[in-house]
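These are my notes from going through the model. I took the sheets, then the aromatic rings, a helix, the cysteines and a loop.

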Amino acid sequence: PSLIAAPLLPATRPLRAGPLASSHTVDEEQQQRSELHALLKSLEPYAEQPLEDATTLPPAAYTSTALFEREVETIFRPGWLCVGHVCQVREKGDYVTLDLLGELLLLVNDGTRLRVLSRVCTHRWAPVVGEGRGTCKAFTCPFHFWSFRLDGSCIKAPLMDDSTAFDAIEHPLHEYRSEVVDGFVYVNLDGAAPPLSSQLAG
């Protein structure tokens, strides 16, 4: 298959938003660990069943928050997830936003290639663009008007011009590893997955 790979910009991964960002008390975490351990033990017999004796998993396997978070950290974040298609961002400046596992993402055509960026400003963590799709020349945070090019690099940060300790190039929007395979755009959230092409070979 045709493949276009997007390298990672040097940036710190932004804070998560959404349900996965919620904090738990120590007691809640201990209770979740205990419930998860019990649930995983209850699922072991299912893994040993021959196909002709296969049954559906118990309801808790589909409703457990702890199990879902375990799946996110061990399956979804380390893997490749499809987030769109090239037809959604055909022209330079075209973008589509999406929320994926607590990450606020931005699929954008920068005129050279497609990128998957965080849409969270690196200053005060506000979204630099609202939900949906559109076309623009740059992204600007509504809080303090930091502006970013389509490739995620910071154009300007008002009131920081006179600071000798500030360098806009050090504050881009975070870029996630992405690959385009047969027109479909995939993203790897933890940045450590093997190339998708090798997984699809053969």
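**Sheet of E7, E8 and E9.** I looked up how E7 and E8 pair in this predicted model. They run antiparallel and are joined by two bridges. For Thr140 I noted the bridge partner in E8, which is Ser147. I then followed the sheet outward: it is open, has three strands in the order E7-E8-E9, and its pairing is antiparallel. E7 and E9 are the edge strands, each pairing on one side only.

**Strand E11.** Which strands pair with E11? I found E2 (residues 81-85), antiparallel to E11 over four bridges, and E10, also antiparallel, with five bridges. On the E2 side, Cys82 has Tyr186 of E11 as its bridge partner. On the E10 side, Val181 is bridged to Phe184 of E11. I checked the turn as well: the hairpin of E10 and E11 has two residues between the strands, and Asp182 there takes a positive phi near 50°. As for burial, E11 covers residues 184-188, and four of these five residues are buried, so the strand is largely enclosed by the rest of the structure.

**Aromatic pairs.** I searched for ring pairs and got two. Tyr95 and Phe139 are edge-to-face, with 5.6 Å centre to centre and 80° between the planes. This pair links distant parts of the chain, as Tyr95 is in strand E3 (residues 94-100) and Phe139 in E7 (residues 139-140), 44 residues apart. I recorded both Tyr95 and Phe139 as buried. Trp146 and Phe166 make up an edge-to-face pair too, at 5.4 Å centre to centre and 70° between the planes. Trp146 sits in the loop between E7 and E8 and Phe166 in the loop between E9 and E10, so this pair ties together parts that are 20 residues apart in sequence. Is Trp146 buried or exposed? I read a relative accessible area of 4% for Trp146, which makes it buried.

**Helix H3.** I went to H3 (residues 65-76) and listed its buried residues, which include Ala66, Leu67 and Val72. I asked what the buried residues of H3 pack against, and found helix H1 (26-47) and helix H2 (60-63). At the N-terminal end of H3, Ser64 is the cap: one of its side-chain oxygens lies 3.4 Å from the backbone nitrogen of Ala66.

**Cysteines.** How many disulfides are there in the whole structure? My search returned zero. For Cys141, the nearest cysteine sulfur is that of Cys121, 3.9 Å away. A disulfide needs the two sulfur atoms within 2.5 Å, so I did not count this pair. Cys141 is buried, with 2% relative accessibility. I also looked at Cys87, which is partly exposed at a relative accessible area of 36%.

**Ile169.** Last, I looked at a hydrophobic-sounding name in a loop: Ile169, between strand E9 (154-156) and strand E10 (175-181). Its relative accessibility is 66%, so I put Ile169 down as exposed. I noted too that the C-alpha atoms of Ile169 and Cys154 are separated by 6.0 Å, with their positions 15 residues apart along the chain.

Conventions
Residues numbered from 1 in each chain as written. Heavy atoms only, no water. Buried < 20%, exposed > 50% of the residue type's maximum accessible area, 1.4 Å probe, protein only. Pairing = 2+ DSSP bridges. Phe/Tyr/Trp six-rings, centres within 6.5 Å; stacked < 30°, edge-to-face > 60°. Contact = heavy atoms within 4.5 Å. Polar contact = N/O pair within 3.5 Å; in protein donor to acceptor, adjacent residues only side chain to side chain.
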